[in-house]
Amino acid sequence: GADEAEGEGEGAATATAASKPTLVVPTSAAAEEEKRGLLRRLFGGTLTTEIAPKDEELKPSVRHEDFLVLSLQVKGKASVQASLAAIVEGEMLEGDNAYFSEEAGCKVDAQKRTFVGMLPQTLVLALKRFEFDYDTMQKVKVNDLCEFPMKLNMAPYTRQASAEHGDSQEMPADGSSDYALCGVVLHSGTADSGHYSSLVKVADDPERGAQWYEFNDTVVTPFTEDDIPQEAFGGHPDDPNAFARSRNAYILFYERLPPSSSAPSPSASSSQGIARPTSLSALAADSLIMQSVRSTNRHHWHVQAVFSPEYADFAWALTSNFAASPQLWARQAANQKQLLEIVGQMKELQVSHLRRDSPTLDKPEQPANWRLPLQVCRFATAFVCTTLARSRERQALPEWCNLLCRLLQHGGLVCRRWFAEVLASHGFLREIFLECPLQDVRAQLLAVASKALRWMYEVEAPALEALRQDAPAGEPRFGQPWAEQPSPPGCPAFGSSSGDGGEGSSTVRVPVLAKVWATLIELLPAALEPEVHPQFLHFLALIQEFVSLGPAAAAWARHSGAVQPLVHFALQELEGRAMLATLERTRKWYEPNWLRAAPAPAEAAEADAASGGEAGGSSSSTSRPLASASSGTGSSTWARPVSKELAMGLVPSSAAEGAVTGALGGAAVGVDSSFERQLYNDSPAGAAAQEPAIDLGPLWGVLAVLLPCGDQAGGDSDTGLAREALLRRLVRLGGATPASCKPAASLLQSMCFGDLSRSQAVVCRICERVEESDGRALRSALRSGTALVALSDGFVRERTVFLLKGVLHVARNNRRYFRTMHLIVHYLVKWCRRRQELAGWLLADGGGSGGNYRWVEAWLKECINNGGDAWAGGSYGTDPGRDARWAWCSEVLPHVRRIVRGEAPAREANALPTDSDADLPGGP
């Protein structure tokens, strides 16, 4: 297998405004047919198989077969010519293997031959380097020596080379069957793994002639033709008995040489059975290919420049100098000499220009002062999110994020409001927190976003509370004007009705936090896509950060109708009524990532005028982003509502990256994308445990805040079903990871507080899990039982006794499984230690006799005395040794003995190292 070449930018294809141009071809039926025939005309040839009976009166059987690649045998063949000769070598069909002639009606002796009927313009030869060894039942690579010439004459392998047909003349000496080597694909490694590279002959200099180059991933170096035998023939040319080289030729490309004299007539070519040379210009493909190559090269060098260390140093110097400028402006130097000592001569010139062009930042709310800080914040944000976040050299990312926070803090309300407007765009949040595969990038930008939200909450908390008083329930976009073409965020505090914000005075009335929350909820359908499951932890953490800002934020989140979409998300119900309504709202209010150098409103208007107003005139519900006339600069205009695929992130977010051809994502066929499958990947006994692919802790934390005690998880006719489904999902998934234990326990306690019937339903779900699993899934369910034990309300005794009775009843039927009993006994002791009176309540419920549960004590004794057979069911935990299990049974036996007699255990039994529910809350 070939290894994948790593690009300079990780996690995304676009780094800046410049987009990779695409190869545009006509879409007519004739052009489509021309495209399909291009490969055939360039690489296509014909193999002819002929079976000629010995009886000349019988007609021969001729069969033609088209080919693009000729496969040649390597094993036992010292050269390409020998392999070609083996293809055209004839064989006699005699005896039992005689040929059945339909003309004669019987089997007759015949000669079978295969030869090249028509030669291609470019001959591609694939060497059979990979075989299957039936003795060892393994794939093997054939590294034998196989030489190939720089020039190859194919005349001996054509029909004209056969003298048996009465046409023994040789091929014309005009070179029509001569080929020159122009490319070699090399493979180094084994049949299971390896690396591909290429040798290409390029005629880039008419004076110097053709030059060979080696293409090895992104490295291109000159290559000497004399080294080809050493690098590509395989075997060991110097010593046949030495170990064969693993790097050798795999595919050969030969280009047909032009005739030495004038070209033959079409009739002559047809009679010879050889295709006439077809130039690329005649196929109208040369200009398209060269245009694509030039565009690709421009894009490559642009990316190289953007990701270069020099550009990163320039960006840091520019931004950090500005961050230090306010302190320099505030410093009162005693004289000119002291100022020179502080900042130097060049710095003095910079500060003097800044003093002249921009007033002091002591009052950032003044309209004349916000432009320069805002531009610097925009530059820093764009560099961090579009360049540094995609670079392989991200060591400076924490310092850049700290610098960005300082810029937002000292830049005033305008800068913080602009950054919050960026957070309110669907494209930015989806790209950073759902699509970015780099955990460190998501974590650092989450910290910046959290600080920005807290700063905005200090300003907008009263306005958010006032909006909640005016807005009807379930309307997260209340008060926000809708436009078919969205505008990028500007400076709404100082803009007019036609300012950068594009929303006029209403932008000031509607808090930007309300926009951010609406965008977060509207991205929930996209977060359900299986491709983003490993990344949505930080997206859910951002939602949790919002509801934790303060009472006003939590109240608005609850009032805007976000509970039902969150519940549907937890249940993975993309087709639920609330989730479908959320998706439609996403299509209506979708905003792209404004850091992708989107045009200002005036520029967008000019682009619309230049393109005939296409973007502004579209009102279809399936509108796509339309490329503007200035697409060469990466600009694009948007028309809403957008398509479902674009809202879900299944198509490119920029029209300049290519026309939308359909959904590119979706769950793979046959792949279980459920949360439960990704959380519980139990390994066999003795194998190393794997970390879960996802973490739902932030989701449980958000629901715990939005669902008050006794809430029914919704208010429509499906309330009961949603409540039961959420409880089941919470028991099965809530304690799957150590980080999710505490928020899941808080949510479970909130839903069960003061409700005995719901608590009993949770116990039933726990008992179901005991019957189904004996690994991490069972531990998650038993951690839910720990949350019930810690809950204090009027039903604490009834709830805890019902829990112990139910779990012990199911455990008695599964006592032959050590892994199951190990966990149940462990948590039985834990629960009785948490509630010292629990053992007495259990004894009293059984009529004052502990005989109903003496079987647990007997099971432990049996395991201690007869450990040889008792461990046959496997092991649990990280230590599979028998001695460790025997020691555990001996240690826990005294505690169990006290519990079945109604006495509280003296201390908690030893918990496993991965047990992390010791910090569960004590109840609402």
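In this short talk I will go through the overall make-up of the protein, its nonpolar cores, two pairs of packed helices, and a few backbone details.

Please keep in mind throughout that what you see above is a predicted model. The protein has 924 residues, and buried residues make up 46% of them. There are 34 helices and 18 strands in the protein. If we take the contacts between residues at least 6 apart in sequence, 74% of them join residues that are at least 24 apart.

Let me turn to the interior. In soluble globular proteins, nonpolar side chains tend to be buried together. In this model the largest nonpolar core holds 160 residues, and the members that touch the most other members are W517, F539, F569 and W700. Helix α12, which covers residues 439–470, supplies the largest share of this core, with 13 residues. There is also a second, separate core of 31 residues, and L47, L127, L152 and L252 are included in it.

It is worth pausing at W700, and asking which residues W700 touches once those up to four places away in sequence are not counted. The list includes A570, then L726, R729, L730, L733 and G734, and further along the chain S740, P743, A744 and L747.

Now to the helix pairs. Two packed helices are described by the angle between their axes and the distance between the axes. The pair I would like to show begins with helix α26, residues 741–752, which packs against helix α27, residues 756–772, at an angle of about 135°, with the axes 8 Å apart. An angle that is neither under 35 degrees, nor over 145, nor from 65 to 115 counts as oblique, and α26 and α27 are therefore oblique to each other. On the α26 side the contact is made by L748, M751 and C752, while α27 contributes R758, S759 and V762. Sorted by class, this contact between α26 and α27 has four nonpolar residues, one polar and one charged.

The other pair is made of helix α29, residues 796–812, and helix α30, residues 818–834, whose axes come within 11 Å and cross at roughly 160°. That angle makes α29 roughly antiparallel to α30, and the crossing in which α29 passes α30 is left-handed. Here the contact is made by L803, L804, V807, L808 and A811 of α29, together with M821, I824, L828, W831 and C832 of α30. What classes of residue does the contact of α29 with α30 have? The contact of α29 with α30 has 10 nonpolar residues, with no polar and no charged ones.

Finally, there are some backbone details in loops that you may wish to find in the structure. R640 and P641 are joined by a cis peptide bond, with omega about 0°, and P641 lies in the loop between β18 (636–637) and α22 (644–647).

M137 has a phi near 55°, a positive value in a residue other than glycine, and M137 is placed in the loop between β9 (130–133) and β10 (138–141). Is M137 buried or exposed? With a relative accessibility of 51%, M137 counts as exposed.

Q572, which is not a glycine either, has a positive phi of about 55°, and Q572 sits in the loop between α18 (563–571) and α19 (577–589). The relative accessible area of Q572 is 23%, so Q572 is partly exposed.

Notes: Residues numbered from 1 in each chain as written. Predicted model: local features only at pLDDT ≥ 70, side-chain atom pairs only at ≥ 80, totals over all residues. Heavy atoms only, no water. Axes fitted to C-alpha atoms, helices over the stretch in contact; angles between N-to-C directions. Helix = DSSP H or I, 4+ residues; strand = E, 2+ residues; numbered from the N terminus. Contact = heavy atoms within 4.5 Å. Nonpolar A, V, L, I, M, F, W, Y, C, P; charged D, E, K, R; others polar. Core = buried A, V, L, I, M, F, W, Y, C linked by side-chain atoms within 4.5 Å. Buried < 20%, exposed > 50% of the residue type's maximum accessible area, 1.4 Å probe, protein only. Left-handed = near helix turned anticlockwise from the far one by under 90°.
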